[in-house]
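Let's take a walk through this structure together, one piece at a time. Have the coordinates open in your viewer and follow along.

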Amino acid sequence: MIFSSLDLAPDLQKAINSCGYEQMTPIQEQAIIPARRGKDILAIAQTGTGKTAAFSIPILQQMVDKPREDNKGPRALILTPTRELAEQLGEIIGGYAKHLPFSVTAVYGGVKLGGQEKKLRAGTDVLIATPGRLLEHIEQCNISLSSVEFVVLDESDRMLDMGFIADVQALLELTAKKRQTLLFSATLSPAVNELAHKLLHKHQEIRTSKQNITADTVEHVLYPVEEERKIELFMELLEEYNWFQVLVFTSTKEQADKLKEKLKKLPVATCHGDMSQGARRRALADFKSAKLQILIATEVAARGLDIQGLDYVINFNLPYLAEDYVHRIGRTGRAGSKGNAISFVSREEERSLDSIQRLIGQKIKRINRPGFEVNHREELIKKVAKQNRPGRKNKTTQTKIDKRPRKK
Ligand code: AMP
């Protein structure tokens, strides 16, 4: 289905054209029409599926369709878990609204309140915020949410994981009673379901099919390697394949710093929670503009980052939670372009790998690189697979993952 068949406001269509979108992605095909009609929606969609446009385009269109007389307070509120996401949503939605008479503002923690206060007081139509920072602004009477008619909860599963839900609920209490709520989540856990039933009214449930849990265009491979030889392997592969722009994930900030130190002769930067917001933003901008060859990121800092045209994502360490693998590689193979997810798997990580393979529903291709042979892996792999057989509880992995079959 093409965007031009939606009969959107010409100024909205113009912005979509300038983004180069013609065909809608599956989540957009399913969400835009009911959302534009005012329905509450629960959408299960990962980063990289085009979900931002799926929720923001119908809201902007409704704001055009139903102009309001007074000019007070935000009409749309989008809550998102991290600063980077808030900033990124601000840019993307600002782009969709660039020919419309609406202002878009993003507020998030990690920077001073003053600049944001000024913008809020000047008035904004679309407000994007992390929950904690928005509560601070409300406490200081910098903004009121009583005029909010459209609410989006972005990455709801992560907001639950990060313990933001009480804040989110407190914020929603302050919005108009008659509002439209769109709840987006990468996964459907019992907690997300419960939240949907609490916050949504006669909602429609939408999900992209299971195959799309990781974009179909991503090729997954892994290298079995001992933990202490991962850097050596990375350097060899970097040279051999001449990777131009790689996003590398580590599990901890310490690992990220250590890796950066080892790679310091190359154009490399880190993006993690110990860095100031400005430093993270700079690293991301330099990476996007190809000044940097390698960006080393940790989970939280990189959540949902929109880095386009990324060919390679490296899991220097496997994530602890299988679902984070899906979020990480959402950075590659986006909206039709081909991507590669490459994981370095130590002996200790075979267990996490098994959970990841179960979640994405495929066996990841193993590449045994000569010179990096590992001992006795076969036995370990068999043992882990046996322990994780459905029906058998494994304390270290199964409790972390929602194993319920996903609806087709
Ligand atoms: P999101 O899932 O919202 O983070 O979007 C992922 C990427 O897909 C972003 O870079 C968008 O600009 C891009 N995108 C979204 N919708 C479309 C579309 N219909 N056609 C092409 N690219 C799109």
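Helix 3 and helix 4 are oblique to each other, because the angle at which they pack is about 45°, a value that falls outside the ranges counted as roughly parallel, antiparallel or perpendicular. Keep in mind that this is a predicted model. To find the pair, look at residues 51-65 for helix 3 and residues 83-96 for helix 4; their axes lie 10 Å apart. The crossing of these two helices is right-handed.

Which residues of helix 3 meet helix 4? On the helix 3 side they are Thr 52, Ala 53, Phe 55, Ser 56, Ile 57 and Leu 60, and their partners in helix 4 are Leu 89, Ile 92, Ile 93 and Tyr 96. Sorted by class, this contact has 8 nonpolar and 2 polar residues, with no charged ones.

Phe 55 also leads us onward, as it is in contact with Leu 182. Leu 182 belongs to strand 6, which spans residues 180-185. Is Leu 182 buried or exposed? With a relative accessible area of 2%, Leu 182 is buried, because buried means under 20%. Beyond its neighbours within four places in sequence, Leu 182 also touches Ala 35, Lys 39, Ile 41, Ile 59, Val 151, Val 152 and Leu 153. Asp 154 is 28 residues away from Leu 182 in sequence, with a C-alpha to C-alpha distance of 8.3 Å.

Finally, turn to the start of the chain. An unreviewed UniProt entry annotates residues 1-29 as "domain: DEAD-box RNA helicase Q". In the model, residues 1-29 are 48% helix and 0% strand, and the C-alpha atoms at the two ends are 7 Å apart.

Definitions and conventions. Residues numbered from 1 in each chain as written. Predicted model: local features only at pLDDT ≥ 70, side-chain atom pairs only at ≥ 80, totals over all residues. Heavy atoms only, no water. UniProt positions renumbered as here; feature names shortened; annotations may be inferred. Helix = DSSP H or I, 4+ residues; strand = E, 2+ residues; numbered from the N terminus. Axes fitted to C-alpha atoms, helices over the stretch in contact; angles between N-to-C directions. Parallel < 35°, antiparallel > 145°, perpendicular 65-115°, else oblique. Left-handed = near helix turned anticlockwise from the far one by under 90°. Contact = heavy atoms within 4.5 Å. Nonpolar A, V, L, I, M, F, W, Y, C, P; charged D, E, K, R; others polar. Buried < 20%, exposed > 50% of the residue type's maximum accessible area, 1.4 Å probe, protein only.
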